[in-house]
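Welcome! Open your viewer, have the selection tool ready, and follow along step by step.

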Amino acid sequence: MKSIGIITSGGDAPGMNAVLWAAVKAARFRNMKVYGVINGYQGLIDNQIIELNDRDIEGIIDRGGTRLGTARCAAMLTREGQEQAVQNMYAHGIEGLLVAGGDGSYRGARDLTALGVPIVGVPATIDNDLGYTDNCIGFDTACNTAVDCISKIRDTMMSHSRVAVIEVMGRHCGDIALTVGMVGGADYILVPEVEYEKPFDIDNVVQRLSQNRQFGNKSGMVVMAEGVMYEHKNRAELLGQMIVERMPQLDLKVNVLGHVQRGGTPSARDRRYALQMTERAVQLLHHGDTGRVVGIKDSAVMDMPLDDALAVKKVLNESLLRLAHALGQAI
Ligand code: F6P
């Protein structure tokens, strides 16, 4: 392949710019042309495609967000949108696509693959919700940001002997909540995976908070993923109310971390993953070895068929779950 296009799609993730940087560098090494698609799949449909060169990537390796822009694109779910996208791509002489995104972006890639488009996927989403890879680009940075916020909240909670309910991102996946809840020293962690099996029991949350009080803790902390009680817009407030109804003596504060988790300078780890996986993706495209995704397994770069990757169910890390239980951070 001599000419490829790059799309960053879905929610942005810190490290997407490092993907772009690495793609241009790796493509040049192989004398390939690189085109950037503006605003995700929507840009492919709207024919917003530009050729990229060094000037476009200078100084972006450490920038958050995505310089190409991204979007959630409903039109890509239609046959008409998909065909338009393919037509625009070939009109630019683009032979294959590198798609950086999460689960939804991979499904869009599968639709284009069915129309004969050669694609390689690079996992980039703070949710870390792709089961086939140990790590998605952006997850590490999002966890670092959330943990930093949690530490700051703890300082003030301890000073005032308060309890905090902290909501982090993760609509279907509790990886952020589990990781930051654990290393942030939460008393209780709530994740959607467990709630899907059986709704959480508020009495367990309250029991843990009051036990920890009896053990001498002045403050307390519950970390919840946004996927818990997702149907409620003000779910963190609701959880706070449920706790206070049962423990009226508590001074409880609710914090929803929100989009701060998606921004900021990508961590060294996320940048390294971006470089490693993107270089492999460009290599695959160059060889015409497509319909695949790259990932990280046991710290090494791997690739596998896109269909197989999408069939892998994402589950919570069992050993982390066991550790959380062993440390009394009930889930
Ligand atoms: O990118 C994943 C994610 O951050 C989810 O955790 C969250 O539910 C969603 O995106 C928010 O999307 P938006 O920014 O479009 O509201």
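Here is a short tour from the whole chain to the ligand.

You are looking at a predicted model, in which local features need pLDDT of at least 70, side-chain atom pairs count only at pLDDT 80 or more, and totals for chains, interfaces and linings use all residues. Residues are numbered from 1 along each chain as its sequence is written, and side-chain values use heavy atoms, with hydrogens and water left out.

**Stop 1: the domains.** Colour 3-138 + 266-311 as domain 1 and 141-262 as domain 2; these bounds come from an automatic or database domain assignment. Their centres, taken over C-alpha atoms, are 34 Å apart. Where they touch, twelve residues of domain 1 are in contact (heavy atoms within 4.5 Å) with eleven residues of domain 2.

**Stop 2: the ligand's surroundings.** Now select the residues around the ligand, meaning those with a heavy atom within 4 Å of it. You should get Gly-11, Arg-72, Ile-126, Asp-127, Met-169, Gly-170, Arg-171, Glu-226, His-259 and Arg-262. Which domains supply this shell? Domain 1 and domain 2 each give at least three residues. By type, the shell has two nonpolar, three polar and five charged residues, with Gly counted as polar.

**Stop 3: polar contacts.** Look for pairs of N or O atoms within 3.5 Å. Show the side chain of Arg-72: one of its polar atoms lies 2.9 Å from a ligand oxygen. Next, try Asp-127, where a side-chain N or O atom is 2.7 Å from an oxygen of the ligand. Finish with His-259, whose side chain also has an N or O atom 2.7 Å from a ligand oxygen.

Note on methods:
Polar contact = N/O pair within 3.5 Å; in protein donor to acceptor, adjacent residues only side chain to side chain.
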